[in-house]
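Q: I have a model open at the bench and would like a close look at one part of it. Here it is.
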Amino acid sequence: MVQIMAVPPATWPTLQRAHIVIPVMIQKDNVDSAQHLLRYVADHVNVVVWEADADARVIYLNPASMATVTKLPEINILDWLQFVHPDDIETAVAVIRESRAEQREYRVEYRIIRSDGTTRWMMSAASPRFFADGRHKGYVGTLVDVSEHHDAQARLSKSEAVHRLLTENAHDMISHSDADNVYVYASPSHKDTLGYDPQELIGTRLYDYIHPDDLAADLEAARSGKRRRLSNVRFRHKNGNWVWIGASTRAVHDRQSGQKLGVVSIARDITAQLEAERELARREERFRSLTSLSSDWYWETDAEIRFTFFSEGIYSRLRINAQHLLGSSFDAHVQDSGAPGFIAAKDAIRERRPFQDLIYPAEWSAHPGIVRFLRISGEPFSENGVFCGYRGVSRDVTHEVRTARSLERLATCDALTDLPNRAMLELRLKQRLTNPREGVCEAVFFIDLDNFKEVNDSLGHGAGDVLLKEIAARLRQCVRPDDMVARLGGDEFVVLAECRNGDTSAISIAEKLSTALDTPVIIAGHEVKAAASVGISMYPQDGDTSEALLRNADTALYRAKASGGDAYCFFTPEMGEASRARLLMQGALRHALERDEFEVFYQPRVNLRTMEMTGMEALLRWTHPHLGAVPPAQFIPLAEESGLIDEIGGWVIQHAAAQAQQWSARYRKPLKVSVNLSARQLRSRKLLTLVKQALRASGLPAHQMELELTESGLMEDPVLAAGLLKDLKALGLKLSVDDFGTGYSSLAYLCRFPLDALKLDRSFLVQQHPEAINTWKLAEAIINLAHTLNLSVVAEGVESDEHLKFLSNTSCDEVQGSCISKPLSPLEFEQLLRETSLYLHTSQR
């Protein structure tokens, strides 16, 4: 015999507190039988009916519980507690303890653990039994498996929790009204949407919140049997505003009687949705309006790239019925399948990618022979990931394309001669230099007509245009198809030609060009001989870029013109050096004025009869920090070519006027100052204003300033010069002709222009060729002529006493030259002014 507790040791403390643990002495085989029985009941039996005596010994079990035994073993009813779930044992024991202590009935639910580890819910109920004399006899009770009931309760609780969670947290408004449309429930979301707390709505009528117009429409629908379960109505917000809501309603009826019990509604704020729908409608209307007004039309294709839709724009723009195009392929109307724009579109479609702003020519059978240019854009579209086709937009850009081509032609061709212009020449030259042909030289022939200005001046610009067209035609005839003739502007042409035999081929082409231009041209009954100068540069020896070759050919042209014209000249490295030096000097000249590198020197002019100083000629000098003293003969032509002479000449006039006025006031002697003007300055409209400003700023009287003009400058545009000189003369200035006798020496212009004096060139005082006519006689004749015309004469370059004596005998008015004084700086000239009296006295002796 072994003593075994009927309850597992883990539960002893609890049961001892309950004072219901009863140790019993039983046989081991009886214990095994009891344990087996209890385990079977715990695992399999759903309903157990039992009875126990006052000592808790089981004296009865219902037959279903005795399936594993034939005889009831000794069992303490409390042995059952060993199967109770640990989380439930304390509660179960407490209920049983209190009930047994008070000898009353009890009922308790708890979980038991099966042998496989699963649990099931059991309801234990028991009632006490008593003897006739009132003594406690024991308990009779039941154990019932209530797992299904508990599972159902759990599912119901979970369902209710989920429903509550959804209802309480739903953005939609959920409500329930009774048969009289009175709220009995409203979800919290009513507060967020309509401003009402749910309690404010409960007990109030639903229809009191609906807009009267919507309520009337809903009632009308109900009377006609068309009542909708989903409707849009306006609901009054707590703040008084109307809010559009979309509501889905469902009536609740009694299942037996069919009587309406109420209505369940789910609603949401659709104000934004309705506004979006209205905006969409506005946009669709706007799109239709814009489509009808747009220059574009819209199209769509299927997956086979056959057109399925065209907007009305295709008819209004091209007068083509869209129905005639539906079903046609994308490439059915292309006029040139090799057009780059169409090829790009086909490539994009093949790769299922968008394309944009592609242009190609199209032609339709409805208008045969008429080619239109289309700009087209498109992109693929899909539905549910399946490619459906392309949709896009097209526009007729025929006018734009033709305009662009015309502009391109204007940008690359000379409008007068239809030859390529400078831009096209440089492009073609760069292309040839990028891909040169082995063993073949490229030659650049820079051509300039020698007498084009005379043609324009004598016969007019119309005649000049005729000559240029004829020259262009002749040059074209002289070159091969692969060669190029271009016009750079004015009377400048360039020929680009291949020379297989180098210089020999270039010479042959140059002579051919010269011969072609030598033949006279008949223009308006006049025979014009178009002689030309040609400068030649060769690739690769004269440069490997288009800029270098054109620049060097221009340099060679300059040398050809300098040698007398009507010739051709090859570029040489020496010319390049001279050209670079010239460019260097030109660059330095641009900054000379701002860097204060200029200075005005003055050469005295003396009255031959009194040998008194009457004034001075202002002479510009330039001293560069690196180039040193630059001769005027070098930088003055550069200044005229570059246009800097206007600014530089103005600076000289201002300084000379100021200096003359300063000396005149200081030495109380009205000194005249003469300033040289270039031909370019005579063409400038700013000259008159500049002279006025110089006189005003300096205070110099106008009659003390003399402007010296060249014969060539006067004759370049006689009409313009006459008008300008008239205005200058009106200011009171003196006007003279410089270097008279070396240019036109026309008596006509001496009478035409308001001149005051002639300046006799020094060449008349120097007898260079003894066998020639005596130049002094010419000088005397010029002096006499000038006096006859009431013009004074100033002799320049007087270098000896012999010259002075000759000029004095011929009644020359004034002289200047080295025998009087060389050009002097302002400081030196002022020193001369101080010593004038002594100087003149010595000269007269």
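Which residues make the nonpolar surface patch of about 200 Å², and what order do the strands follow in the open sheet of five?

A: Happy to help! This is a predicted model, where local features need pLDDT of at least 70, side-chain atom pairs count only at pLDDT 80 or more, and totals for chains, interfaces and linings use all residues. Numbering starts from 1 along each chain as its sequence is written, and side-chain values use heavy atoms, without hydrogens or water.

Your patch is made by Val252, Leu261 and Val264 (patch residues have over 30% relative accessible area and no salt bridge, with nonpolar side chains joined within 5 Å; the probe is 1.4 Å; a salt bridge is a Lys or Arg side-chain nitrogen within 4 Å of an Asp or Glu carboxyl oxygen). Val252 belongs to strand S11, residues 242-253 (strands are DSSP E runs of at least two residues, helices H or I runs of at least four). With a relative accessible area of 31%, Val252 is partly exposed (between 20% and 50%).

Now the sheet: the order is S19-S20-S18-S23-S24, with mixed pairing (at least two DSSP bridges per pair). S19 (484-489) and S24 (568-570) are the edges; each has a single partner strand, so one side of each lacks a neighbour in the sheet. Neighbouring strands are turned by 20 degrees against each other on average, direction ignored (axes are fitted to C-alpha atoms, for helices over the stretch in contact; angles run from 0 to 180 degrees between N-to-C directions).

Inside the sheet, S18 (441-449) and S23 (532-539) are antiparallel partners over eight bridges, and Leu449 faces Ala532 in S23. Helix H15 (503-518) packs on the sheet, touching S18, S20 (492-499), S23 and S24 (contact: heavy atoms within 4.5 Å). The direction of H15 makes about 160 degrees with that of S24.

Definitions and conventions
Patch = residues over 30% accessible without salt bridge, like charges linked within 9 Å, V, L, I, M, F, W, Y side chains within 5 Å. Buried < 20%, exposed > 50% of the residue type's maximum accessible area, 1.4 Å probe, protein only.
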